[in-house]
Amino acid sequence: MTAKIIDGKRFAEDLRGRIADHVSRLKSEHGIIPGLAVVIVGEDPASQVYVSSKAKHTAAVGMNSFKHELPADTPEADLLALVHQLNADPTVHGILVQMPVPKHIDPNNVIEAIDPAKDVDCFTPANVGKVQIGLPGPVSCTPLGCLMLLRDELGSLEGKHAVIIGRSNLVGKPMMQLLLRDNCTVTVAHSRTKNLDEVVRQADIVVAAVGRPNMVKGDWIKPGATIIDVGINRMPAPEKGEGKTRLIGDVDFAAASEVAAAITPVPGGVGPMTIACLLANTITTASLMNGLTPPVDLTA
Ligand SMILES: Nc1nc(=O)c2c([nH]1)NC[C@@H]1CN(c3ccc(C(=O)N[C@@H](CCC(=O)O)C(=O)O)cc3)C=[N+]21
C-alpha cells in the first residue's frame with residue numbers, strides 16, 4: 001500500500017481562509033479587530049523565522065499583529081512587565097511568548113503572568129483545565145491542528161485506538177484529552193514504555209511527538225493506520241550546501257508510507273497547522289472576551 005499524504009499545508013491555507021472570513025465578520029458585525037501579540041526574547045534564528053511567519057499570517061487574515069523583540073539579556077521582571085502591559089491592552093486578544101525563553105528566565109513565571117483570557121497557546125493551568133473538562137476556550141495549537149487533520153481524514157474517530165508517543169505538556173497530554181473527547185481509546189507511550197514497537201503496532205492512529213528523527217519504523221505500523229508526525233527535527237544537509245539544514249519527522253516516512261493508509265509529511269504536515277490554529281485561538285479568545293460564542297469550525 002502507498003499511503004495518502006495528508007496535506008497539512010493545504011488544509012492550513014483553507015483554515016486561514018475561514019479564519020479571514022470570521023475576522024471580517026467580527027469587524028463588520030461587532031466592530032472587533034482581533035489582535036495577536038507575539039513576544040520573542042533573544043536572537044535564536046529558528047525562533048526568529050517562526051515569529052516572522054506568525055506575524056505575516058496574522059496580518060494576512062486581517063488581524064492586528066503586534067511584535068515585541070527583546071534582547072537576550074532582558075531581565076525576567078521586564079518581560080513580566082511587558083506581559084502585564086499586554087494583559088491590560090484592550091486591542092490585544094492573544095499573547096504568545098515564544099518558547100524557549102533564555103535560561104535566566106523561568107518559563108513558568110512567564111506562563112503564570114499571561115491572562116488566561118488571552119492565552120492563545122493554552123499554556124496556563126486555567127486553560128489546560130478547561131480543555132480537560134470540555135469548557136470553551138483556546139486549545140493547544142499543535143494538538144488542535146492534529147485533531148482537525150484526523151477528523152478530516154477519518155470522519156468519526158470513535159472507538160479508534162490512538163497511540164500517542166510522547167507525554168509533553170505541549171503536545172502529548174493535550175492530544176490525549178482531545179482524542180478522548182472524540183471517543184478514541186488512547187494509549188500514551190513515552191521514553192520508558194516497554195516494547196514500544198508492539199504498542200504502536202496496535203494503533204489505528206499514531207501521533208508521534210518525541211523529537212527523535214526517524215524513530216518510528218515502518219514495521220511498527222499496523223497496515224491501514226493513520227499517522228500524524230509532529231516531529232520537527234532539523235538535520236544538517238551538506239548535500240544542499242555548506243551549513244544548510246533540512247527537516248525530518250519522528251517517523252521513518254518512506255517505510256511507513258508503504259504500510260499506512262495516510263501520513264503527514266514533514267515539512268508541510270502538522271507545522272503549518274500549528275500556526276493556523278494559533279490564529280483560530282485568537283478568534284476564540286477575541287469572541288469570548290466580547291461575550292460571543294466562538295465559531296465551531298475553529299474549536300475542538
Ligand atoms: N509559545 C510558543 N508557541 C508555539 O507554538 C511555539 C513556540 N512557542 N516555540 C517554538 C514552537 C515551534 N512551532 C512551530 C510552528 C510552525 C512550524 C512550521 O510551520 N513548520 C513548517 C516548516 C518551517 C521550516 O521550514 O522551518 C512545516 O513543518 O512545514 C514549526 C514549528 C511553534 N512553537
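Cys-122 lies in the loop between helix 4 (107-113) and helix 5 (125-133), and in this predicted model its phi is near 60°, a positive value in a residue other than glycine. Most residues other than glycine have a negative phi, and most peptide bonds are trans.

Two peptide bonds of the chain are to be set beside that second expectation. A cis peptide bond joins Met-99 and Pro-100, with omega at about 0°, and Pro-100 is found in the loop that runs between strand 4 and helix 4. A cis peptide bond also joins Val-266 and Pro-267, where omega is about -5°, and Pro-267 has its place in the loop between strand 11 (262-263) and helix 10.

Residues from both of these bonds reappear around the ligand. The ligand is surrounded by 17 residues, and the closest are Met-99, Pro-267, Gly-268, Gly-271 and Thr-274. Sorted by class, this shell holds 12 nonpolar residues, four polar residues and one charged residue. Helix 2 (45-60), strand 4 (94-97) and helix 10 (270-289) each supply at least two residues of the shell, and the largest share, four residues, comes from helix 10.

The domain assignment of the protein chain gives domain 1 (30-117) and domain 2 (141-272), and the C-alpha centres of these two domains lie 28 Å apart. The shell around the ligand draws at least three residues from each of domain 1 and domain 2.

The UniProt record, an unreviewed entry, divides the chain in its own way. Its annotation "domain: Tetrahydrofolate dehydrogenase/cyclohydrolase catalytic" covers residues 6-121, a span that is 51% helix and 16% strand and whose end C-alpha atoms lie 24 Å apart. Its annotation "domain: Tetrahydrofolate dehydrogenase/cyclohydrolase NAD(P)-binding" covers residues 140-287, over which the chain is 35% helix and 19% strand, with the end C-alpha atoms 17 Å apart.

Helix 10, which gives the shell its largest share of residues, also packs against helix 1 (residues 8-30) and against helix 2. The geometry of the two pairs is set out below.

| Helix pair | Packing angle | Distance between axes |
|---|---|---|
| Helix 2 and helix 10 | about 50° | 10 Å |
| Helix 1 and helix 10 | about 15° | 8 Å |

For the pair formed by helix 2 and helix 10, the angle of about 50° makes helix 2 oblique to helix 10, and helix 2 passes helix 10 in a right-handed crossing. For the other pair, angles under 35 degrees count as roughly parallel, and helix 1 and helix 10, packed at about 15°, are therefore roughly parallel to each other. Helix 1 passes helix 10 in a left-handed crossing.

Taken together, helix 2 and helix 10 each supply at least two residues of the shell around the ligand and also pack with each other, their axes being 10 Å apart. Met-99 and Pro-267, both among the closest residues to the ligand, take part in cis peptide bonds, Met-99 with Pro-100 and Pro-267 with Val-266.

Methods
Residues are numbered from 1 along each chain as its sequence is written. This is a predicted model: local features need pLDDT of at least 70, side-chain atom pairs count only at pLDDT 80 or more; totals for chains, interfaces and linings use all residues. UniProt positions are given in the numbering used here, feature names are shortened, and annotations may be inferred rather than shown by experiment. A residue is near a molecule or strand if its C-beta atom, placed from the backbone, lies within 6 Å of it. Ala, Val, Leu, Ile, Met, Phe, Trp, Tyr, Cys and Pro count as nonpolar, Asp, Glu, Lys and Arg as charged, and the others, Gly among them, as polar. Domain bounds come from an automatic or database domain assignment. Axes are lines fitted to C-alpha atoms, for helices over the stretch in contact, and angles run from 0 to 180 degrees between N-to-C directions. Angles under 35 degrees count as roughly parallel, over 145 as roughly antiparallel, 65 to 115 as roughly perpendicular and the rest as oblique. A crossing is left-handed if the near helix is turned anticlockwise from the far one by less than a right angle, and right-handed if clockwise.
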